[in-house]
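Visitor: I should like a close look at a single part of this structure, described strand by strand. Please then place that part beside some local features found elsewhere in the chain.

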Amino acid sequence: MPMLGMAQETGKVLRWLKAEGEAVAKAEPLMEVETDKVTVEIEAPAAGTLAGVTASEGEDVPVGQVIAYVLGDGEQVPRGQVLHRAPATAEVDPGPMQRTMQDLTPKRTLASPKARRLARERGVPIEEIAGSGPYGAVQATDVESLASTTPWPSRSAAEVSSAWQTMARRLSETWQQVPHFYLSREVDATRLNGWRAAVRRRPGYERVTHTDLLVKIVAAALAEHPRVNGSAEVNVGIAVATDDVLVVPVIHGADRLELRAVAERRIDVVARAREGKLRLEDVQGGTFTISNLGMFGVDSFGAIVNAPQAAILAVGRITDRVVAVGGEPAVRPTFILTLSLDHRAIDGAIGARFLDTLVSLVEEPAGLVA
């Protein structure tokens, strides 16, 4: 079982993409593994024949434990390795191992990760659903279509995925171990709104959001305050809520990207996050996280630091508020930024200076190049 994250202890085998005894090519997708952060396809490390599979679909396996071998010509599974056995009623072919394993291995239903998750939530075997995808693969739309005509029971609150359970455990550990402190500022969004309206009139920029602008602004502020970033690379993560778990895909090198590239990357990773198709590299290397709940009408909140990062920015909704302008009351679009910090790495003064730079760039973003 490969290590797909720094704090990972186990991985869940969602499905094998190759049957035992089947030939595999190097770098060919071999299996799907689920962690608390991502569901990812694991590629074959070499060309050969899949053998010695010991991990069943749905099984949680400790990182580093041997779960299968890819054998070259003339190689055998090491002595003492237990192979999957054929059912007692099966008629065993005494021929070569490759043919035997391939013949006795049950055919697995092809299905997307999201389709499997939806089927599990509704308590219906994926094998009972007719697939409309390539080679008869079951798609999420097939499950949803059947759900509209079949009275499947809803998942209870206690029946959550292993990914959610792992995420909850990790967040609990972070909350208990990281000494959080918070800094908040109400920010005038007049110029930010103007910037967004202006760029969206340009061809190719029609889908730019406030989150994209904030990624650019945060990246610029992190470049000025490397202590908050904690790395030479500025890789900004965006918290994305899916039906099953909270994931944080990363926009790598955000300080070097043009605004349209940031938007294209955000659109891509958010879509794949919600489809359960994130790759391992999509969630690795983040140095700072943005969590935006403004679209849900939330005014302000304090987010939990995404360890091993040292800070996370919580973004509330933009709404008209009465503020003092030149000593007189005026209505301005404002929103609240709340910075959560790990006090072991960042003190109050460092965090305050970073937040001040951030606010200055939001209220006057003219210096940023789109």
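Guide: What follows begins with one sheet and then turns to other parts of the chain. The model is a predicted one, and the description should be read with that in mind.

The part chosen is an open sheet of four strands, whose order is β4-β3-β1-β6 and whose pairing is antiparallel. At its edges stand β4, residues 39–43, and β6, residues 60–62; each has a single partner strand, so one side of each is left without a neighbour in the sheet. From one strand to the next, the twist averages 40°. In general terms, the strands of a sheet are paired through hydrogen bonds of the backbone, in either a parallel or an antiparallel manner.

Strand β1 repays the closest reading. In the order of the sheet it stands between β3 and β6, and six of its seven residues are buried, so that the strand is mostly covered. Towards β6, strand β1 (residues 10–16) is joined by three bridges, and the two run antiparallel. Two of the facing positions can be named: Thr10 is opposite Pro62 of β6, while Lys12 is opposite Asp60 of that strand. The sequence numbers show the antiparallel sense directly, for Thr10 faces Pro62 and Lys12 faces Asp60. Towards β3, β1 is joined by four bridges, again with the strands antiparallel. Here Trp16 of β1 has Met31 in β3 as its bridge partner.

The loop that leads into β3 also deserves attention. Ala27 is placed in the loop between β2 and β3, the latter comprising residues 29–34. Although Ala27 is not a glycine, its phi is positive, at about 75°. With a relative accessible area of 38%, Ala27 is partly exposed.

Strand β2 belongs to another open sheet, one of three strands in the order β2-β5-β7 with antiparallel pairing. Its edges are β2 (23–24) and β7 (69–71); each of these has a single partner strand, and therefore one side of each lacks a neighbour in the sheet. Strand β5, residues 48–51, is connected to β7 by three bridges, and the two strands run antiparallel. Within this pairing, Ala51 faces Tyr69 of β7.

Some features further along the chain may be set beside these sheets. Thr338 is part of strand β16, which covers residues 328–342. Thr338 has a relative accessible area of 5%; the cut-off for burial is under 20%, and Thr338 is therefore buried. Its side chain is joined to that of Ser184 by a polar contact of 3.1 Å.

Arg256 offers an exposed position, with a relative accessible area of 59%. Arg256 lies in the loop that runs between β12 (250–251) and α8 (259–275). The side chains of Arg256 and Glu233 make a polar contact of 3.3 Å. Between the C-alpha atoms of Arg256 and Ala219 the distance is 8.6 Å, with 37 residues separating the two in sequence. Glu275 is in helix α8 and is partly exposed, its relative accessible area being 31%. The C-alpha atom of Glu275 is separated by 9.0 Å from that of Ala115, a residue 160 places away along the chain.

Another arginine, Arg202, is found over the face of Tyr205, 4.2 Å from the centre of the ring. A backbone feature is seen at Ala307 and Pro308, which are joined by a cis peptide bond with omega of about 10°. Pro308 lies in the loop between β13 (288–292) and β14 (311–315).

Helix α9 closes this account. Its 16 residues, 348–363, should span 22 Å at 1.5 Å a residue, and the C-alpha atoms at its ends are indeed 22 Å apart, so the expectation and the model agree. At the start of α9, a side-chain oxygen of Asp347 comes to within 3.2 Å of the backbone nitrogen of Ala349. The buried residues of α9 include Ile350, Gly351, Phe354, Leu355, Leu358, Leu361 and Val362. An α-helix has 3.6 residues a turn, so residues three or four places apart point the same way. Thr357 and Val359 are likewise among the buried residues of α9.

Conventions: Residues numbered from 1 in each chain as written. Predicted model: local features only at pLDDT ≥ 70, side-chain atom pairs only at ≥ 80, totals over all residues. Heavy atoms only, no water. Expected span 1.5 Å × (residues − 1). Buried < 20%, exposed > 50% of the residue type's maximum accessible area, 1.4 Å probe, protein only. Polar contact = N/O pair within 3.5 Å; in protein donor to acceptor, adjacent residues only side chain to side chain. Pairing = 2+ DSSP bridges. Axes fitted to C-alpha atoms, helices over the stretch in contact; angles between N-to-C directions. Lys NZ or Arg CZ within 6 Å of the ring centre and 35° of its normal.
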